[in-house]
Structures are given as C-alpha cells and as structure tokens.
Amino acid sequence: MEVVEVVADEEQDEQEEEVQAEERDEKLQEQVLAEPGQGRTTTRSLLEALEALQLELEPVNKQASRAYSRLKLRICQRRKPHLQHRSTIIQGILGFWVKAFMNHPQMSAMMSDQDEDMLSYMTNLKVEELRHPTDCCKIMLFFQNNPYFQNEVIVKEYLINIAGYRASHSSPIQWYQGFEREAYSRRHHNSSLNFFNWFSDHNFAGSSKIAEIICKDLWLNPLQYYLKGKKRELRGGEESPDFETNMTEHHP
C-alpha cells in the first residue's frame, strides 16, 4: 500500500505541475506574438525564460531522484523475504545453478566443460543492489568443497553509472596448488571473453557483460533457464512436453 500511495501522490503533483506549465506556455506565446519584428528583444526574453525554467527544474530533478530511490528501496525491501525463500528452495535442488548457467544462451556460449564442472559445486547465488554511497551491484557465488579452490564464497562488486557496469572489487581466488598452474595457463593463453576469465580475473576486458547478464537476467528468473530444453515427468511416470511451459507460466 505504501508504494501505491507514493505513486498516487507523485501523479497528483505531476498533474498540478503540468497545469502550471501549460499556463506559463500560453503566457509566453502571447508575449512572443505581441512583439512581432523585435527579434533581439524576443530572443533575450526567451533566453531569460529558459534560464528561469532550468533553475526551476533543478530542485524538481533532485526531488524526482530522491523519490525514485525511496520507491526502489521499498520495492527491494518487499522482495527480500521472497528472494530469501527462493534461495532456500534452490539450495535443496541439486545442481540448480550450474544447469541455469549452462542453459542460458549467452552464458553457455562462454563456458567450457571445466567451467561446467566447477559450477557444479556452486550451492547458491545472491545479487544485491546497493545505493549508498554510490550505486553498485554485488554478486556473491557460494560453493561447497571442490578440487579447484578453497573459497566458500566469491564476491564481485561493480559500480553502476550511465555508461554501465565497472569492476570495483573481487575476492581473490585461493586456487589449490594442483590447479593453480592450470588456472594461470588458461587466463594467459585465452584472451577471449569467457566465464573462466571473468571468474578468475575481475578486471578482464569486457567482464562487465557477464556481470550484467547475471544481475539483469539470470538472477531475476533463474527457473526459466533451469527448465529450458528439459522434459519433466508428471506424477505417475508420464512425460508431458508442456510441463516446461506450464511451470514457467506459473513461476514468473
């Protein structure tokens, strides 16, 4: 209800401002028509009006930015318990995240068989959007014991601005001694954009593309990718080709 009330109040304010703007436009048009042939005077008057309008817009823009931030914060708070419950359910499904990653058309094109095996040890994924002191996105990948590295969680943070995502922080990966040389070799002998280079080298060129895919697509609805291309068995052992479609429709 709070979100609805905020939106309703903002719509009422917008309507009042539109009426005031229309009245100002009518007066300005009357002034222009009343001064034919006085080009310099009219131009000066219009520039003065434009300057005054820009000054009026500054607090309006700041107010709109604050209102947007408050609204987004409320929405995030309302989503939080649902996301926590979703996380609990997913952790009970063996291999959920590796299947979601591998079924994603863009991610799968950037992953090797070894990447798939490495992700098979992934137990959870969390994405947090932070607003203070700057807009940033935090990606957290959780792992169980595996033969590749010691980390239980790997955190990657990106600053978000008008130009997109920019890498700011990443947990150093503690490779096991038996895999450290191979990890080094993979990073330095394959300079293409792929999952392993993003995973192991936070500042790798183009890595922000993978971060955006995770934050803006995979994280929002991982179920659609987990189910993609799979046939499920209904109770009783019968296969239903429409199961995937039905599940996706009931779980947006």
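Which residues form one aromatic cluster? Let's find out by selecting them in your viewer, keeping in mind that this is a predicted model.

**Stop 1: the aromatic cluster**

Select Phe101, Tyr121, Phe143, Tyr148, Phe149, Trp175, Phe179, Phe195, Phe196, Trp198 and Phe199, and show their side chains: together they form one aromatic cluster. If you search the whole structure for aromatic pairs, 14 of them turn up.

**Stop 2: two pairs that share Phe149**

A pair of aromatic rings is described by two things, the distance of the centres and the angle of the planes. Start with Phe143 and Phe149. Their ring centres are 5.0 Å apart and the planes stand at 90 degrees, so this pair is edge-to-face. Both of these residues are buried.

Now keep Phe149 and add Phe199. Here the centres lie 5.6 Å apart with the planes at 45 degrees, so the pair is tilted. Follow the backbone from one to the other: Phe149 sits in the loop between E2 and E3, while Phe199 belongs to helix H7 (residues 195-200), and the two are 50 residues apart, so that the pair links distant parts of the chain. Are these two residues buried or exposed? Phe149 counts as buried because its relative accessibility is 1%, under the 20% cut-off. Phe199 is buried too, with a relative accessible area of 1%.

**Stop 3: Asn146**

Stay in that loop and select Asn146, which lies between strand E2 (136-143) and strand E3 (153-161). Asn146 is buried, with a relative accessible area of 7%. What does its side chain reach at 3.1 Å? The partner is the backbone oxygen of Gln144. Next, look towards Phe149 again: its backbone nitrogen is 2.9 Å from a polar atom of the Asn146 side chain. Leaving aside residues up to four places away in sequence, Asn146 touches Tyr121 and Tyr176. You have already met Tyr121, one of the residues of the aromatic cluster.

**Stop 4: charges over rings**

Select Arg186 together with Phe196, another residue of the cluster. The charged end of Arg186 sits over the Phe196 ring, 4.0 Å from its centre. Then go to Arg86 and Trp219, where the charged end of the arginine sits over the ring of Trp219, 4.6 Å from its centre.

**Stop 5: the whole chain**

Zoom out and colour by secondary structure to see 10 helices and 6 strands. Of the 252 residues in the chain, 29% count as buried. The accessible surface of the chain comes to about 16900 Å², and 51% of it belongs to carbon and sulfur atoms.

Key
Residues numbered from 1 in each chain as written. Predicted model: local features only at pLDDT ≥ 70, side-chain atom pairs only at ≥ 80, totals over all residues. Heavy atoms only, no water. Helix = DSSP H or I, 4+ residues; strand = E, 2+ residues; numbered from the N terminus. Buried < 20%, exposed > 50% of the residue type's maximum accessible area, 1.4 Å probe, protein only. Polar contact = N/O pair within 3.5 Å; in protein donor to acceptor, adjacent residues only side chain to side chain. Contact = heavy atoms within 4.5 Å. Areas by Shrake-Rupley, 256 points an atom, 1.4 Å probe, with all protein chains shown as cover. Phe/Tyr/Trp six-rings, centres within 6.5 Å; stacked < 30°, edge-to-face > 60°. Lys NZ or Arg CZ within 6 Å of the ring centre and 35° of its normal.
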